[in-house]
Amino acid sequence: MSEPASRAHRRARTARPRRYLMCRPTHFEVSYSINPWMDPAKPVDAALAVAQWERLRALYGDLGHQVELIDPIPGLPDMVYAANGATVIDGKVLGARFRNAQRTAEGPAYLDWFRAAGHPTLHDPQHINEGEGDFLVTGSWILAGRGFRSAPEGHAEAQEFFGRPVIGLELTDPRYYHLDTALAVLDHDEVMYNPAAFTPGSLAVLRRLFPDAVLADPADAAVFGLNAVSDGRHVVLPEAATGLAAQLRARGFEPLGVDLSELLKGGGSVKCCTLELRAAAGPETTARP
Ligand code: ARG
């Protein structure tokens with residue numbers, strides 16, 4: 001990044017308190033392979049997975065965010081990737097419908113949690129969508145990944161349900177099979193992404209919508225640096241993504257690196273473990289001075 005550009009982007013950043021849903025990796029293992037990161041022959045340290053996840057959960061608490069928990073279900077090892085369980089905007093819950101049979105039961109399990117929590121507006125989807133794995137919410141749009149998991153029909157269903165414009169983005173690299181492995185929302189309409197993960201047409205769309213985006217190099221992308229969670233100021237991301245951390249710092253964000261090595265063996269990291277619960281806009285959600 002050139003000097004003038006970095007000066008132009010550096011500004012005071014404001015964190016907004018968030019509500020997240022997470023699922024402890026009590027039953028986490030890699031017993032099947034539905035993405036290139038998963039190798040059932042590679043051992044997973046289950047206790048370490050829980051310890052790493054607990055540190056992430058504690059960090060959110062330290063940052064002033066509220067973390068809700070859904071009970072993990074035996075036999076659903078990928079349930080720890082809570083981002084895939086639903087999409088929640090304005091208090092409205094769009095359930096997930098998974099592409100792979102190994103994860104099908106997670107859709108109803110997450111919807112049950114929302115029903116029990118008393119969410120009045122729920123939609124059980126007709127078409128495949130893997131929740132916030134493929135739906136990322138900016139101030140103006142819902143960015144929606146396709147090519148590997150979520151279906152274009154699922155994008156249309158989300159647009160109709162939420163009444164927000166959905167921008168479809170085609171993913172090309174099987175290592176970055178969900179949108180949240182290739183792009184992260186930093187603040188309002190500010191994002192970072194891995195240009196190599198998108199088709200030329202989708203890349204042109206990203207350039208048009210986000211001309212000032214932070215761009216990840218292949219090394220940062222390969223350690224899942226884009227699988228990050230931002231509250232508008234703090235950006236929690238895999239600690240190995242040092243190049244991205246430096247770029248974020250130059251823009252006034254506060255990058256916070258974490259180690260989720262065990263969960264990476266399932267093809268997920270920070271964002272995959274975190275589903276944001278966005279309440280309907282009201283006095284309690286407006287920014288404080
Ligand atoms: N093993 C899981 C799968 O392949 C990982 C999901 C990661 N989650 C995410 N939001 N990218 O479906």
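Guide: A residue counts as near the ligand if its C-beta atom, placed from the backbone, lies within 6 Å of it. Keep that in mind as we look around this predicted model.

Visitor: Which residues are the closest to the ligand, and how many surround it?

Guide: The ligand is surrounded by 16 residues, and Tyr81, Gly133, His178, Gly268 and Cys272 are the closest.

Visitor: What makes a residue of that shell nonpolar, polar or charged?

Guide: Residue type decides: Tyr and Cys count as nonpolar, for example, while Gly counts as polar. Sorted like this, the shell holds 5 nonpolar, 8 polar and 3 charged residues.

Visitor: Let's step back to the whole chain. Why is the protein chain called as compact as a globular protein of its length?

Guide: The protein chain has 8 helices and 15 strands. Its radius of gyration is 18 Å and the globule rule gives 19 Å for 289 residues; the two are close, so the chain is as compact as a globular protein of that length. Along the principal axes, its C-alpha atoms fill a box of roughly 55 × 40 × 40 Å.

Visitor: What makes a residue buried, and how many of the 289 residues are?

Guide: A buried residue has 20 or more other C-beta atoms within 10 Å of its own. Buried residues account for 45% of the 289 in the protein chain.

Visitor: Now the sheets. Why are S12 and S14 called edge strands?

Guide: They belong to an open sheet of 3 strands in the order S12-S13-S14, with mixed pairing. Strand S12 (229-230) and strand S14 (254-258) each have a single partner strand, so one side of each is left without a neighbour in the sheet.

Visitor: How do you know that S13 and S14 pair?

Guide: Pairing takes at least two bridges. S13 (residues 234-238) and S14 run parallel and are joined by 5 bridges, so by that cut-off they pair. One example is Val236, whose bridge partner in S14 is Leu256. Helix H7 (residues 242-250) packs on this sheet, touching S13 and S14, and its direction makes about 160 degrees with that of S14.

Visitor: What makes S1 and S15 a pair?

Guide: Strand S1 (residues 19-22) and S15 have 2 bridges, in the antiparallel sense, and at least two are needed, so they pair. Tyr20 stands opposite Glu276 in S15. The open sheet here has 3 strands in the order S2-S1-S15, with mixed pairing. Its edge strands, S2 (66-69) and S15 (275-276), pair on one side only.

How values were computed: Residues numbered from 1 in each chain as written. Predicted model: local features only at pLDDT ≥ 70, side-chain atom pairs only at ≥ 80, totals over all residues. Helix = DSSP H or I, 4+ residues; strand = E, 2+ residues; numbered from the N terminus. Contact = placed C-beta atoms within 7 Å. Axes fitted to C-alpha atoms, helices over the stretch in contact; angles between N-to-C directions. Rg over C-alpha atoms; globule rule 2.2 N^0.38 Å. Buried ≥ 20, exposed ≤ 12 C-beta atoms within 10 Å, placed from the backbone.
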